[in-house]
Amino acid sequence: MPEWLAEGPRVAIRPVTPGDGPEFTRLVRASADLHHPWMAMPTTAEDFAAYAATLDGEQRVGLLVCLRETGRAAGFININNIARGRFQCGALGYGAFVPAAGRGLMSEGLGLVLRHAFGPLGLHRLEANIQPGNAASIALVKRHGFRLEGFSPAFLFIDGAWRDHERWAITADMLPGPATSRTGHHD
């Protein structure tokens, strides 16, 4: 089994690696109907290599949500556009894979990612920009205490058009559990 960054009862998280390409692209292709029109992910080895190369661990962290028992990927959660200094913020991007969708695995995985982001990564704030019609994604962030902060017309170019998005966010002090300081480290 791989070394996990964090573990829950059913899932664990670990960084995306270049070796994940075959499984990741197979699952993305199998999940095309689930992800359309909300997002587009790499479906070929070349596209995956380009995607994996952007996951530098500093400005963009790519994590796999995996089943603990088998290590198989259930979904992915990226923390994109990480800004440090006074901001300490990142933007989430995520998706479940068809075999795991609708089973609460991504919810468990998101909880692990939030604790990792606000703990070891030292972030203070995470945002999720979600198309208004994506009810499953909105329900996911609501379950974790994200608040709706705004509406951004024509925010991202997805599936051939500029799409409106709602901006949902959570800060470290909103996360239940141990107190978190302003620097994002547990007291």
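Reader: Does Gln131 count as buried or exposed?

Author: This is a predicted model, in which local features need pLDDT of at least 70, side-chain atom pairs count only at pLDDT 80 or more, and totals for chains, interfaces and linings use all residues. Residues are numbered from 1 along each chain as its sequence is written, and side-chain values use heavy atoms, leaving out hydrogens and water. The classes rest on relative accessible area: buried is under 20%, exposed over 50%, and partly exposed in between (1.4 Å probe, protein chains only). Gln131 has a relative accessibility of 8%, so Gln131 counts as buried.

Reader: Which residues are in contact with Gln131, leaving aside neighbours within four places in sequence?

Author: Helices (H or I, at least four residues) and strands (E, at least two) are DSSP runs numbered from the N terminus. Gln131 sits in the loop between strand S6 (125-130) and helix H5 (135-143). With contact meaning heavy atoms within 4.5 Å, the partners of Gln131 are Pro37, Trp38, Ile138, Ile158, Arg163, Asp164 and His165.

Reader: And Ile82, how far is its C-alpha from that of Arg60?

Author: Ile82 belongs to strand S4 (residues 73-83) and is buried, because its relative accessible area is 7%. Not counting residues up to four places away in sequence, Ile82 touches Glu58, Gln59, Arg60, Val61, Cys89, Gly90 and Leu123. Ile82 and Arg60 are 22 residues apart in sequence, yet their C-alpha atoms are separated by 6.2 Å.

Reader: How many residues of helix H4 are buried?

Author: Helix H4 covers residues 105-118 and reaches 20 Å from its first C-alpha to its last. That is close to the 20 Å expected at 1.5 Å a residue, where the expected span is 1.5 Å times one less than the number of residues. H4 is mostly covered, and of its 14 residues the buried ones number 13.

Reader: Which residue forms a salt bridge with Glu108?

Author: Side chains of opposite charge can pair when their charged atoms come close. A salt bridge here is a side-chain nitrogen of Lys or Arg within 4 Å of a carboxyl oxygen of Asp or Glu, and a search of the whole structure finds eight. For Glu108 in helix H4, the closest N and O atoms are 3.3 Å apart, and the partner is Arg10.

Reader: Where does Arg10 lie, and is Arg10 buried or partly exposed?

Author: The bridge links distant parts of the chain, 98 residues apart, with Arg10 in the loop between strand S1 (6-7) and strand S2 (11-15). Glu108 is buried because its relative accessible area is 17%. Arg10 has a relative accessible area of 38%, so Arg10 is partly exposed.

Reader: Which residues are linked in a network of salt bridges?

Author: One bridge in the structure joins Arg14 and Asp20 at 2.6 Å, N to O, and both of these residues are buried. Another joins Arg125 and Glu127 at 3.1 Å; Arg125 is buried because its relative accessible area is 14%, and Glu127 counts as buried at 15%. The network consists of Arg125, Glu127, Arg147, Glu149 and Arg167.

Reader: Which strands stand at the edges of the open sheet?

Author: Two strands pair if DSSP finds at least two bridges between them. The open sheet has eight strands in the order S1-S2-S3-S4-S5-S6-S8-S7, with mixed pairing. Two strands have a single partner each, so one side of each is left without a neighbour in the sheet: S1 and S7.

Reader: Which residue of S8 stands opposite Leu148?

Author: Strand S7 (residues 147-158) and strand S8 (residues 161-171) run antiparallel and are joined by eight bridges. They form a hairpin with two residues between them, and Asp159 in the turn has a positive phi of about 55°. Opposite Leu148 stands Trp168.

Reader: What is the bridge partner of Leu64 in S4?

Author: Strand S3 (residues 61-67) pairs with S4 in the antiparallel sense over six bridges. In S4, the partner of Leu64 is Phe76.

Reader: Which residues form one aromatic cluster?

Author: Rings of Phe, Tyr and Trp (its six-membered ring) pair if their centres lie within 6.5 Å, with planes under 30 degrees apart counted as stacked, over 60 as edge-to-face and the rest as tilted; a search of the whole structure finds seven aromatic pairs. The rings of Phe24 and Phe76 have centres 5.6 Å apart and planes at 55°, so this pair is tilted. Phe76 and Phe97 have ring centres 5.8 Å apart and planes at 45°, so this pair is tilted too. The cluster is made up of Phe24, Phe48, Tyr51, Phe76 and Phe97.
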